[in-house]
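Welcome! Let us take a friendly walk through this structure, with its sequence and model shown here.

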Amino acid sequence: MKHLMRNRANPHIRELLAQSGLSVSKLIQPIFVVEGLSGKEEIPGLIGNHRLGISEALSQIEKDLNNGVRHFMLFCVPANKGITPDPGAGMVARIKQHFGKDIHLWVDTCLCSSSPHGHCCLFHDKEGEIDLGATLNALSSYAKSYAEAGADGVAPSDMIDGRVAAIRAQLDKSGFRNIPIMSYSTKFASAFYGPFRAAADSSPGFGDRRQYQIDVRNRSDALNASVRCANEGADLLMLKPGMTSIDLLKPISQKTNIPIGVYQVSGEYASLALLAREGLTDFNRALLETWHVFQRAGAQYIVTYGARKGRDLGIALT
Ligand code: PBG
């Protein structure tokens with residue numbers, strides 16, 4: 001009989017042989033900043049996360065820095081709906097002016113929080129065909145404005161065809177050759193985005209996102225989407241949701257040779273929190289377990305609403 005349990009017999013040998021190099025420096029903390037909000041508002045299900053006014057956001061980031069978090073994904077929630085060239089750029093500037101190089105700030109680049117209908121694109125006519133030209137122009141303009149405001153990277157999350165190429169071209173011609181693009185490259189039409197849409201005020205006003213997000217049944221489409229983003233010049237790729245896309249990490253990584261991470265989306269995170277609230281799991285242990293699984297599967301980075309808890313959960317800072 002093989003004696004596999006010998007290597008698990010006590011904490012010392014378990015630590016010696018543990019294969020995970022998980023650290024807080026691999027985690028990215030999302031942060032929702034709401035224009036014009038004073039104070040902060042609860043986000044149902046997203047324990048430890050709030051919709052923040054700008055001054056609350058600055059103090060939250062300060063605390064997160066003290067907990068070893070360096071990477072943030074900013075979601076700018078504008079006060080008014082409507083496509084302007086630079087919604088949210090002011091918040092990016094405030095944050096970067098305050099923290100400079102102490103933080104690494106990615107800005108989620110999408111139209112869904114500012115478009116009047118909550119979709120990640122613009123349409124030729126209401127409920128009609130996607131207006132690709134107008135959508136790509138708006139996305140490129142957002143990306144440029146974030147770069148001008150000091151963002152360290154932009155993260156297009158819309159799943160509209162051609163956006164990585166369009167954003168790359170815009171950044172390059174505006175003098176931002178060094179700004180990386182983290183593409184939400186394989187993003188499924190998922191039922192796990194609920195708490196986020198309340199936080200970002202981005203629920204589609206009609207229909208759903210199946211016209212542009214990937215059908216969960218389609219493996220080849222899922223692979224092609226990331227390969228396409230890689231070909232268009234994405235610097236980092238991302239799978240989303242994390243747990244339900246885990247089978248695709250290795251194949252995409254092998255096909256593209258580009259760093260790929262996962263987004264543990266709002267519904268995944270909230271499901272652990274709600275289980276814990278019912279006394280059915282220990283939230284911290286469950287959260288940590290999911291992060292280890294992401295790493296084991298090959299994720300280079302993890303976007304998670306729990307990044308700021310990482311140090312308290314006992315993981316190393318680097
Ligand atoms: C916006 C965007 C979404 C998420 C990240 N960026 C929502 C969506 O596509 O509907 C989801 C994140 C989460 O659920 O935590 N395009």
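What follows looks at two pockets and then at one lysine.

This is a predicted model, where local features need pLDDT of at least 70, side-chain atom pairs count only at pLDDT 80 or more, and totals for linings use all residues. Residues are numbered from 1 along each chain, and side-chain values use heavy atoms, without hydrogens or water.

A pocket here is an open set of points on a 1 Å grid where a 1.4 Å probe fits, with protein on both sides within 12 Å along at least five of seven lines; lining residues have an atom within 4 Å of a point.

| Pocket | Volume | Lining by class |
|---|---|---|
| Largest | About 380 Å³ | two nonpolar, four polar, two charged |
| Second largest | About 240 Å³ | seven nonpolar, three polar, five charged |

Around the largest pocket you will find Glu15, Ala18, Gln19, Ser20, His292, Val293, Gln295 and Arg296. Helix α10 (residues 283-297) supplies the largest share of that lining, four residues.

The second largest pocket has 15 lining residues, and Met159, Asp161, Gln211, Tyr212 and Arg228 lie nearest its centre. Helix α7 (residues 219-231) contributes the most to this lining, with four residues.

Now for the lysine: Lys187 sits in strand β7 (residues 182-187). Lys187 is buried (under 20% relative accessible area). Lys187 has no salt bridge (a side-chain nitrogen of Lys or Arg within 4 Å of a carboxyl oxygen of Asp or Glu). Asp108, the nearest side chain of opposite charge, is 6.1 Å away from Lys187. What does the side chain of Lys187 reach at 2.7 Å? That partner is the backbone oxygen of Ser157.

Technical notes
Grid points are joined across faces, edges and corners, and a volume is the space filled by probe spheres set on the points. Helices (H or I, at least four residues) and strands (E, at least two) are DSSP runs, numbered from the N terminus. Ala, Val, Leu, Ile, Met, Phe, Trp, Tyr, Cys and Pro count as nonpolar, Asp, Glu, Lys and Arg as charged, and the others, Gly among them, as polar. Buried means under 20% relative accessible area, exposed over 50%, partly exposed in between (1.4 Å probe, protein chains only). Lys and Arg count as positive and Asp and Glu as negative; His and the chain ends are not counted. A polar contact is a pair of N or O atoms within 3.5 Å; within protein, one must be able to donate a hydrogen and the other to accept it, and residues adjacent in sequence count only if both atoms are side-chain atoms.
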